[in-house]
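Reader: I'd like to go through this one with you and ask where the labels come from. Could you show me the model?

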Amino acid sequence: MGKILTRAVLAVMWVLWLIPVYLLIVNSVRSANDYATQSTWAIPHHFALWSNFMAAYHTAGLGQSLVSTFLYAVVSPAVAVVIGALAGFSIIALRLKHGFAWFMLIFGGSIFPIQMLIIPLFVGYADANLYDHRLGLILVYTAVSVPLAAFIMRNFFTGISYSIYEAAVVDGASAWRIFSRIYLPLATTALAAIFILEFTFIWNDLLFGLTLTQTETVRPVMTALSSLLSAYAGTTYNVVLAAMLFVSLPTMLVFLCAQRLFTRGLALGQTG
Amino acid sequence: MTQLADAGPTLRTAPAKPTHPGRRLLDGVQAWLYISPAVLLVAALLYAPFVWTVYLSFTRYDGLGNPSWIGLKNYTTFFHDDVLWVTVSNTLMWVGGTIVLPVGLGLFVATVTYRSKRGSLLRLPFLIPYAISGAGVAVVWGFILQPHGALNDILSFLHLPGGHTSLLLYRPVNTIVMIVAATWQGVGVNALLFLVGLQSMPEAPLEAAKLDGASGWSMFRHIIWPLLRPLTAVVVGLSIVASLKTFDVVWVLTQGGPGRSSETLAVTMYRDTFVANEYGYGSAVAVLLTLIAAVASVTYLRTQLSSKRNVSW
């Protein structure tokens, strides 16, 4: 009895969750003609996904946004995991004095809401000539990614026996060599998990893009996508939906290909 | 491995190289060098802006010229602002709504599917929206909820009420349907988090309960739920903090409108700052948002930690 009920609820949820997916797919492939004449629920007569996307591409300059966003979402997490790993290595292996206090300082950076950062960043970036520059976004995305990276890497390095470090020192290895040849390779999975989490976060970011960028070349994709919706963009929903599908592909792919890693990252990051 | 582990004590009892004061100093400098990039980045781009925002919240500032100190005036103005009640109650709806819907349904999906062989297939519909961004979710639901959109179409087709009006136009319905949109996206990640907990649950109590004839609801109520409580505490805590900062979906779908009827605190902050150019006032809203988030999470953590029913494993 209970089992039937839970199965029924799950089935209803299945349908409810797949309806928006269905609507997203049929309407993003619908041609402008069909969109004007057909019901939103009908199967389209023509498959126009590509031309819809090209329309969005030209209206919102999505192409350049995509390139820039790739740059942000790859470079910032890559730099952040290394910086986080260096910090963890300093605290755990090099036994930095007051290491835990420094660690708390770095990790504490993750509790500030983005709302507490954007006004000074906007004003300060304008002064420093970083406003509407790719470097400015890379810097801020790296900074917000560092606390989690340091947190996970410190925890991970705690699990590596200190005697490995000591043995390497006795063998005459420099700290950098121990870091890059022993500690980093051991941490590949953790590094990848953090990278994927941060990649997704940056790819999906809207707020920094809204406040720190202006031109189509610098603007991240989600900000570009949201601008397609504004009244004066003059685009119909079939075009916006196609654009949305395209800009969501990278995160969907990452998610499908690395779901286990992703879940691991979530577990590492959120439950410690 | 054992050889490496054995090397430790010998090294410590026979200090061949270290204790040279110069070398120790060098070690300290090196440790500093390794942590400094993280410290510098976090200090310059997270801590400094944070402090600056607190300062700006006591000033009048339009982004040009210099901020002028006005004490608590931004805060008193906000407490007399008509929008305060709207934005705070909307934000609270978001907090309550996201605990009940995405977290609750995520727990449901995880517990119903975690023992099934086709579990990952059963969870797939909930994971698809999770791979979509907040802005993307807003686009999909904007399409569904717009006037003459997909929802209106199906309601008219079925001769149900509501077919001729957009649900985004009226308070509090607009906030509620946006919470539904966020639920569509959020169930997947919560299910994943609970799944991690369920899969790492000790087998013994589950087996014992099964032998005692427990199943279905009683199994969940008396065995799984208590075992999951620490994780539930974390998931709910995260959800509270995240929902207090709700911005993306609301901004893309309604920009807080019509009027200011669907604003959340984060949207109010953005609008006052970057649309109205009241940087000091916007800073004050940001500070209040942070204070509310801090108080909420500390209070929440304390009730969780003091709870006697908290089972740890």
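Author: Here is a short round of questions about chains, helices and one proline.
This is a predicted model, in which local features need pLDDT of at least 70, side-chain atom pairs count only at pLDDT 80 or more, and totals for chains, interfaces and linings use all residues. Residues are numbered from 1 along each chain as its sequence is written, while chains are lettered from A and ligands numbered from 1 in the order in which they are written.

Reader: What makes P129(B) count as buried?

Author: A residue is buried if 20 or more other C-beta atoms, placed from the backbone, lie within 10 Å of its own (exposed means 12 or fewer, partly exposed is in between). P129(B) has 25 C-beta neighbours inside 10 Å, so P129(B) counts as buried. Across chain B, 41% of the 313 residues get that label.

Reader: Where does P129(B) lie, and what does P129(B) touch?

Author: P129(B) is in helix α5 of chain B, residues 119-130. Helices here are DSSP runs of H or I with at least four residues, strands are runs of E with at least two, and both are numbered from the N terminus. Contact means C-beta atoms, placed from the backbone, within 7 Å. Leaving out residues up to four places away in sequence, P129(B) touches W17(A), V137(B), W184(B), Q185(B) and G188(B).

Reader: Why is α1(A) called roughly perpendicular to α6(B)?

Author: Angles of 65 to 115 degrees count as roughly perpendicular, under 35 as roughly parallel, over 145 as roughly antiparallel and the rest as oblique. The axes of α1 (residues 2-28) of chain A and α6 (residues 134-145) of chain B cross at roughly 90 degrees and come within 10 Å, which makes the pair roughly perpendicular. Those axes are lines fitted to C-alpha atoms over the stretch in contact, with angles from 0 to 180 degrees between N-to-C directions. P20(A), L23(A), L24(A) and N27(A) meet V140(B), F143(B) and I144(B) there.

Reader: How many residues of that contact are nonpolar, polar and charged?

Author: Six are nonpolar, one is polar and none is charged. Nonpolar covers Ala, Val, Leu, Ile, Met, Phe, Trp, Tyr, Cys and Pro; charged covers Asp, Glu, Lys and Arg; the others, Gly among them, are polar.

Reader: Which helix gives the largest share of the side of chain B that touches chain A?

Author: The contact takes 69 residues from chain B and 74 from chain A. Helix α2 of chain B, residues 21-56, gives the largest share of chain B's side, 19 residues.

Definitions and conventions:
Contact = placed C-beta atoms within 7 Å.
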